[in-house]
Amino acid sequence: MSALVGVVGGSGAVGGAVARRLHRLLGPEYRLRIGGRRLAAAEDLVRRELAGRAEAMAVDVYDDEALRRFCAGCRLVVNASAASYLVVDRVARAALAAGADYVDAGGDLPLLDRLTPLGLTRQGRTALVTAGLMPGLTGLLPRWLATTEFHRPRRLVVHVGVMDRLTPAGAVDYLLSLRTRDEESQAVWLDGRRVTRAAGALTDVELPFFPGRVTAYPYLGYEGERLAVQLGLTELRWHAVFDGGAAMMATLSRLQGAMNGEGDLSAAARDLAAAAELDMFGKRPYQLLVFELGGIGPDGDERTRTLVLRSADTSEITGTVCALAAAQVLAGRVPPGAHLAAEGLAAAELVEALRATGVVRAFDLFDGAAADAATVEEGVL
């Protein structure tokens, strides 16, 4: 009998990408169960793209009994549904109670904090949180770069730019992330510690590899800080890069109350998603990650390497990373316990698999700083 892999939210943008990728990745020994509140949408996905090795089932993440039925018999459950702040550990607990392992495209630290005390290592169960683009891949790639190119990494500069439409759930999570941005804003990692208000925004500037003029906001979130501690970095500077975005910026200014927990967060998210749609008019979506890492190489040499990743669909790359993470769990490549995906996955294996999918349009590793590498690339083009 085929082992069941359940995808909650499987008919959504990210969940659909997870389902399609798992359908291609997994052999005949696995069968997919696609769940969503709208059964017709899940059935349509199964019929059009997953026929033969998948089944559809209605599931509401706020209905305990529906979650129990969905997770029953699953070897692994992937959650790609709703906003993380609303779901938190509801799907995870149902999956683990059914004896399944668990992978979440989102979740962040609140979910990890709830799963850590459950003793999953002792139970032989595995749970991966934030198995998506950001956070997730943004934390995994510097680890891969550090382990493959360096004996002792020291300095990391990160620029993350996403120009794309927002799903309603993605808009909610984005608004919530801004609640903690005040304490993270302008912070950097220097000499082994967080330094607040240490860097200012770069407005209307040209950055290596980014198209046109952009704005870069420095901040230090939990993903960057954990990365700095675990790699032993002396310096880390992390930037969110915005390309245009006039409608979004105006909407964010108007939504200060929602970001502070006042009013209807769902309505605010719909407004923000609509603003993102306006900002996308006439532009091509992209996701661009630039990592510049310096330190001591394997031969004792001082070196700098720049890694550049480009893709063109946020939901597709998020779902692909999540599916590849699920495949590693099924293959026993992730140890039991609760982990952030960037810390629990086999980084080199995931990078190799991600490059083979075709979702990543460019994955380039340059010798030298980002500015020098961009000049070389422009010369080649």
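Here are some worked exercises on the predicted model shown above.

Before you start, residues are numbered from 1 along each chain as its sequence is written. In this predicted model, local features need pLDDT of at least 70 and side-chain atom pairs count only at pLDDT 80 or more, while totals for chains, interfaces and linings use all residues, and side-chain values use heavy atoms, leaving out hydrogens and water.

**Exercise 1. The overall build**

Task: Work out how many helices and strands the protein has, and how its radius of gyration relates to the globule rule.

Solution:
- Step 1. Take the secondary structure, where helices (H or I, at least four residues) and strands (E, at least two) are DSSP runs numbered from the N terminus. The protein has 18 helices and 16 strands.
- Step 2. Compare the radius of gyration with the rule. The protein comes out at 21 Å, close to the 21 Å that the globule rule gives for 381 residues, so it is as compact as a globular protein of that length. Here the radius is taken over C-alpha atoms, and the rule is 2.2 Å times the number of residues to the power 0.38.
- Step 3. Add the outline: along the principal axes, the C-alpha atoms fill a box of roughly 55 × 50 × 45 Å.

**Exercise 2. Inside, outside and charge**

Task: Find what share of the residues is buried, what the surface is made of and how the charged side chains are placed.

Solution:
- Step 1. Of the 381 residues, 54% are buried. Buried means under 20% relative accessible area, exposed over 50%, and partly exposed in between (1.4 Å probe, protein chains only).
- Step 2. The protein exposes about 16600 Å², and carbon and sulfur atoms supply 51% of that area. Accessible areas come from the Shrake-Rupley method with a 1.4 Å probe; for residues, only the protein chains shown count as cover.
- Step 3. There are 41 positive and 46 negative side chains, and the centres of the two sets lie 4 Å apart. Lys and Arg count as positive, Asp and Glu as negative, with His and the chain ends not counted. Each charge is placed at NZ of Lys, CZ of Arg, CG of Asp or CD of Glu.
- Step 4. Now look at contacts, meaning heavy atoms within 4.5 Å. Among those with a separation of 6 or more, 73% are between residues 24 or more positions apart.

**Exercise 3. Aromatic pairs**

Task: Describe the pair formed by W144 and F363, then the one formed by Y217 and F242.

Solution:
- Step 1. Rings of Phe, Tyr and Trp (its six-membered ring) pair if their centres lie within 6.5 Å; planes under 30 degrees apart count as stacked, over 60 as edge-to-face and the rest as tilted. A search of the whole structure finds three such pairs.
- Step 2. W144 and F363 are edge-to-face, at 5.5 Å centre to centre with 70° between the planes. W144 lies in helix 8 (residues 137-149) and F363 in strand 16 (residues 360-367), so this pair ties together parts that are 219 residues apart in sequence.
- Step 3. Check burial: W144 is buried at 11% relative accessibility, and F363 is buried at 11%.
- Step 4. For Y217 and F242, the ring centres are 5.5 Å apart and the planes stand at 75°, so the pair is edge-to-face. It links strand 11 (residues 214-218), home of Y217, to strand 12 (residues 235-242), home of F242, 25 residues apart. Y217 is partly exposed at 33%, and F242 is partly exposed at 24%.

**Exercise 4. Neighbours from afar**

Task: List what W144 and L330 touch beyond four places in sequence.

Solution:
- Step 1. W144 is in contact with L307, A347, A348, V351 and F363. The C-alpha atoms of W144 and A347 are separated by 5.6 Å, though their positions lie 203 residues apart along the chain.
- Step 2. L330, in helix 15 (residues 314-330), is buried at 11%. Its contacts are V5, L26, Y30, R75 and L76.

**Exercise 5. Backbone details**

Task: Locate the cis peptide bond and describe phi at Q186 and D204.

Solution:
- Step 1. The cis bond joins M134 and P135, with omega about -5°; P135 sits in the loop between strand 6 and helix 8.
- Step 2. Q186, not a glycine, has a positive phi of about 65°. Q186 is in the loop between helix 10 (181-184) and strand 8 (188-190).
- Step 3. D204 has phi near 55°, again positive in a residue other than glycine. D204 belongs to strand 10 (residues 202-205) and is partly exposed at 48%.
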